Amino acid sequence: MLRPFLSIAVLLYVAVATAAPASAETYRDQSLALTAITDLDLERYQGRWYEIARFPFYFERDCYAVTADYALRDDGTLSVLNQCAEGSVTGAIKSAKGVAWRVAGGQLKVSFVPIPFLNKWIAGDYWVLALDAEYSLAVIGSPKGKTGWILSRQPAISDVERAQALASLKQFGYDTTHLIFTEH
């Protein structure tokens, strides 16, 4: 008797988890080609990243002090831990655990679905569009243009780094006027 209930619960969870991203606004001119870097070293990429800016995204509504921690796993995937403070920099911590895997070069898929066998069907695009040689500043986007981030190893970046990151997003057709700059 429990099996039908679990099946319905899983279906409801999947419907809710996929509905919000599907209806998200698009921030990118999709007529422009989007290309990810080709030589992403996952070992160097792992560790803590601070969100400098993001396009509005349902999970991050009212989020401050946003971080993403990536750790390489034995199977070649990355564990993902996204955290933010709700309401203010000192607010309660909200977190989401997920997994990311490489599709090609700097093209990754990421899923926060807690049911592992569903990950490959319910995953978002996470493309590393630009990355400095020191692996200290990254620009992330997606082909559909519904998500995008500027990430840094430090909670603040210089004006020059900011200009470079914005130029990278604009090059791929992103309308950077929609960016939310994260307070840390």
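Me: Which charged end sits over the ring of Phe59, and how should such a feature be read?

Reply: One looks for a charged side-chain end placed close to the centre of a ring and along its normal. In this predicted model, the charged end of Lys94 is placed over the ring of Phe59, 4.5 Å from the ring centre. Another case involves Arg162, whose charged end sits over the ring of Phe181 at 3.8 Å from its centre.

Me: How many aromatic pairs does the structure hold, and how is the geometry of the pair Tyr45 and Tyr70 classified?

Reply: Ring pairs are classified by the angle between their planes, with under 30 degrees counting as stacked, over 60 as edge-to-face and the rest as tilted. The structure holds eight aromatic pairs. In the pair formed by Tyr45 and Tyr70, the planes meet at 40 degrees and the ring centres are 5.5 Å apart, so this pair is tilted. It links distant parts of the chain, since Tyr45 belongs to helix 2 and Tyr70 to strand 2, 25 residues apart. Both Tyr45 and Tyr70 are buried. They also belong to one aromatic cluster, together with Trp49, Phe57, Tyr58, Tyr126 and Trp149.

Me: Which residues have the most contacts inside the largest nonpolar core, and which elements give two or more residues to it?

Reply: A core of this kind is read as a set of buried residues joined through their side chains. The largest one here has 20 residues, and those with the most contacts inside it are Leu40, Tyr45, Tyr70, Tyr126, Leu131 and Leu151. Two or more residues come from each of helix 2 (42-45), strand 2 (63-72), strand 3 (78-86), strand 5 (107-111), strand 6 (124-131), strand 7 (137-141) and strand 8 (148-152). Strand 6 provides the largest share, three residues. As an example of the packing, Leu131 touches Ile37, Leu40, Tyr45, Trp49, Leu137 and Ala138, leaving out residues up to four places away in sequence. There is also a second, separate core of 18 residues, with Phe55, Trp127, Leu137 and Tyr174 among its members.

Me: Where does the disulfide lie, and are its cysteines buried or exposed?

Reply: The question is first which sulfur atoms are paired, and then which parts of the chain the pair joins. The structure holds one disulfide. It is formed by Cys63 and Cys84, with their sulfur atoms 2.1 Å apart. Cys63 lies in strand 2 and Cys84 in strand 3, so the disulfide ties together parts that are 21 residues apart in sequence. Cys63 is buried, at 4% relative accessibility, and Cys84 is buried as well, at 2%.

Me: What is the phi of Ala65, and what is the phi of Tyr135?

Reply: Most residues other than glycine have a negative phi, so a positive value invites inspection of the local setting. Phi of Ala65 is near 50 degrees, a positive value; Ala65 lies in strand 2 and counts as partly exposed, at 23% relative accessibility. Phi of Tyr135 is near 60 degrees, also positive.

Me: Where is Tyr135 found, and is it buried or exposed?

Reply: Tyr135 is found in the loop between strand 6 and strand 7. Its relative accessible area is 8%, so it is buried. Beyond its neighbours within four places in sequence, Tyr135 is in contact with Asp39, Leu40, Asp41, Arg44, Tyr45, Trp49 and Arg153. The C-alpha atoms of Tyr135 and Arg153 are separated by 8.0 Å, the two residues being 18 residues apart along the chain.

Note on methods: Residues are numbered from 1 along each chain as its sequence is written. This is a predicted model: local features need pLDDT of at least 70, side-chain atom pairs count only at pLDDT 80 or more; totals for chains, interfaces and linings use all residues. Side-chain values use heavy atoms; hydrogens and water are left out. A nonpolar core is a set of buried Ala, Val, Leu, Ile, Met, Phe, Trp, Tyr and Cys residues joined through side-chain atoms within 4.5 Å. Buried means under 20% relative accessible area, exposed over 50%, partly exposed in between (1.4 Å probe, protein chains only). Helices (H or I, at least four residues) and strands (E, at least two) are DSSP runs, numbered from the N terminus. Contact means heavy atoms within 4.5 Å. A disulfide is a pair of cysteine sulfur atoms within 2.5 Å. Rings of Phe, Tyr and Trp (its six-membered ring) pair if their centres lie within 6.5 Å; planes under 30 degrees apart count as stacked, over 60 as edge-to-face and the rest as tilted. A charge sits over a ring if NZ of Lys or CZ of Arg is within 6 Å of the ring centre and within 35 degrees of the ring normal.
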